[in-house]
Amino acid sequence: MSTVSRLPGIVTTDHVFQVPLDHASPEGEQIEVYAREVVASGRERVDLPWLLFLQGGPGGKAARPLGRDTWLDRALDDYRVLLLDQRGTGRSTPATRQTLARRGGPQEQADYLAHFRADSIVRDAELIRHRLLGAEKRWSVLGQSFGGFCTLTYLSFAPEGLTEAFITGGLAGLRSSADDVYRAAYPRVVRKNEEHYRRFPQDVEAVRRIVAHLADSPATLPDGGLLTVEAFQVLGMMFVGGSGSGALHYLLEEAWVEGPAGPELSDTFLAGVQARLSFAEGPLYAVLHESIYGQRSVDPGSTAWSAERVRKEFPEFDARTALETGAPVLFTGEMIYPWMFDADPALRPLKETAELLAARTDWPDLYDPARLAANTVPVVATVYHDDMCVDTADSLETARAVRGLRTWITNEWEHDGLRVSGGKVLDRLIKMAHGEA
């Protein structure tokens, strides 16, 4: 029996589906995938079109709505929304250090997690569509960030299930390898650092002081994680959102307290850093991050810790050299590094598993360029001109490669525009798809 709940302005219904771990072996091992149906209060019995929401990530669970908030408020005007906890996340069969330990050693864990990419997520969605709506009914899809990558996979492998597709900050390069992605990403991150230091010039010395301290004495976070210079630099992930620069500045403001032996990093600061660096709530983000770019026809090799290797081509990110030369210390961005599996307690047990996935060379293709070139599903996409996570040039090249795809290019919002725009981003895309804008 599905559980129905009522929150301000919405009615939610829980759904749990049994799906094959490997869709190529439908009679084999089964896992659970959870989805939350959301409809506007009073419209529970209205025959509304469905909108499937694919969350960013990888490894991120769908949002937990408390009412008609953010983009959901706009969506519920027109749709019945399905918030999918992609396999391994949230209330779907979880994939964490605790649950994966039951599957055996690192090789067994890596083989299991190889089924957790966009191709499997799309096949889950198609199975759910058949069971929930019936094979004859199609639905719309909204993909944010990695969810947009998944939407391109959906358009490649099962476009017959879609009425229309909305993509926000998620037009991936169809033929971009992991190395291509990070080679384009590091210069964008440099620009985000420059913007931050122009906005908060006092942070140049504040950051240098913290880095100098950590270079001599790495700190222990409240959960037992290790805060090194390199880990501190990962706070550049906060630049992903439009308000992230300000949030980082406020975090730095409370970095120090006067302890019994002199200045020391404050508990407030260390707790704030931990909240932003820990992968306890989403370990798959770290474990699978580079694999989302693995395609055997694009790069027959392994991803092989691409972000770490490519970083060596950008010496300006060497914090210790910056200390010696007096240059500003640069933060990094949406990159995963192998040392994270030593520093973060939530990742340590998965280190060998991550190494095996990084060495894997047989990743199937995620996109079908020929099918996308013949696409007939209406697709509209927001491309954020200043997006730190997804390269604008890649996005525009992909837009040209998908038949009928229309873009809205804007610098009014950044990568989190769908969430923070109060429904404006989604409203614009809906109007574009329906011929009203």
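This tour proceeds from strands to helices, cores and aromatic rings, naming at each stop what to select.

The structure is a predicted model, in which local features need pLDDT of at least 70 and side-chain atom pairs count only at pLDDT 80 or more, while totals for chains, interfaces and linings use all residues. Residues are numbered from 1 along each chain as its sequence is written, and side-chain values use heavy atoms, with hydrogens and water left out.

**Strands β3 and β12**

Select strand β3, residues 30-40. Helices (H or I, at least four residues) and strands (E, at least two) are DSSP runs, numbered from the N terminus. Nine of the 11 residues of β3 are buried, so the strand is largely enclosed by the rest of the structure; buried means under 20% relative accessible area, exposed over 50%, and partly exposed in between (1.4 Å probe, protein chains only).

Add strand β2 (residues 10-20), which pairs with β3 in the antiparallel sense over 11 bridges. Two strands pair if DSSP finds at least two bridges between them. Ile10 has Ala40 of β3 as its bridge partner. β3 also pairs with β5, again in the antiparallel sense, over five bridges; there, Arg36 has Leu83 of β5 as its bridge partner.

Next, select strand β12, residues 379-384. Six of its six residues are buried, so β12 is largely enclosed by the rest of the structure. Val379, Ala381 and Val383 point one way, whereas Val380, Thr382 and Tyr384 point the other way. In a regular strand the side chains alternate between the two faces of the sheet.

Now display the partners of β12. β7 pairs with β12 in the parallel sense over four bridges, and Ile167 has Ala381 of β12 as its bridge partner. Strand β13 (residues 405-410) runs parallel to β12 and is joined to it by six bridges. Ala381 stands opposite Thr407 in β13.

**Helix α15**

Move to helix α15, residues 351-359, and colour its buried residues: Thr353, Ala354, Leu357 and Ala358. Seen down the axis of α15, these fall within an arc of 135°, so they line one face of the helix; the arc is that of the directions from the helix axis to the C-beta atoms. What covers them includes α3 (106-113), α11 and α14 (340-343).

**The nonpolar cores**

A nonpolar core is a set of buried Ala, Val, Leu, Ile, Met, Phe, Trp, Tyr and Cys residues joined through side-chain atoms within 4.5 Å. The largest has 115 residues, and those with the most contacts inside it are Leu113, Trp139, Leu227, Phe232 and Phe269. Helix α6 gives the most to this core, with eight residues.

Centre the view on Phe232. Leaving out residues up to four places away in sequence, Phe232 touches Val207, Ile210, Val211, Leu214, Leu227, Leu252, Phe269 and Phe331; contact means heavy atoms within 4.5 Å. Apart from the largest core lies another, of 25 residues, among them Leu51, Val81, Tyr384 and Leu418.

**Aromatic pairs**

Rings of Phe, Tyr and Trp (its six-membered ring) pair if their centres lie within 6.5 Å; planes under 30 degrees apart count as stacked, over 60 as edge-to-face and the rest as tilted. By this rule the count comes to 14 aromatic pairs. One of them is Tyr79 with Phe166, edge-to-face at 6.5 Å centre to centre and 75° between the planes. This pair links distant parts of the chain, 87 residues apart: Tyr79 is in the loop between α1 (70-78) and β5 (80-85), and Phe166 is in strand β7 (residues 162-168). Both Tyr79 and Phe166 are buried.

Tyr182 and Tyr293 are also edge-to-face, at 6.2 Å centre to centre and 80° between the planes. Tyr182 lies in helix α6 (residues 178-199), and Tyr293, 111 residues apart from it, lies in the loop between α11 (283-288) and α12 (306-311). Both tyrosines, Tyr182 and Tyr293, are buried, and they form one aromatic cluster with Phe146 and Phe149.

**Ser306 and Pro328**

From Tyr182, step to Ser306, in helix α12. Ser306 is buried, with a relative accessible area of 0%. Among its contacts beyond four places in sequence are Asp179, Tyr182 and Glu290.

Finish at Pro328, in the loop between α13 (319-325) and α14. Pro328 counts as partly exposed, at 35% relative accessibility. Its C-alpha atom is separated by 7.8 Å from that of Glu205, 123 residues apart along the chain.
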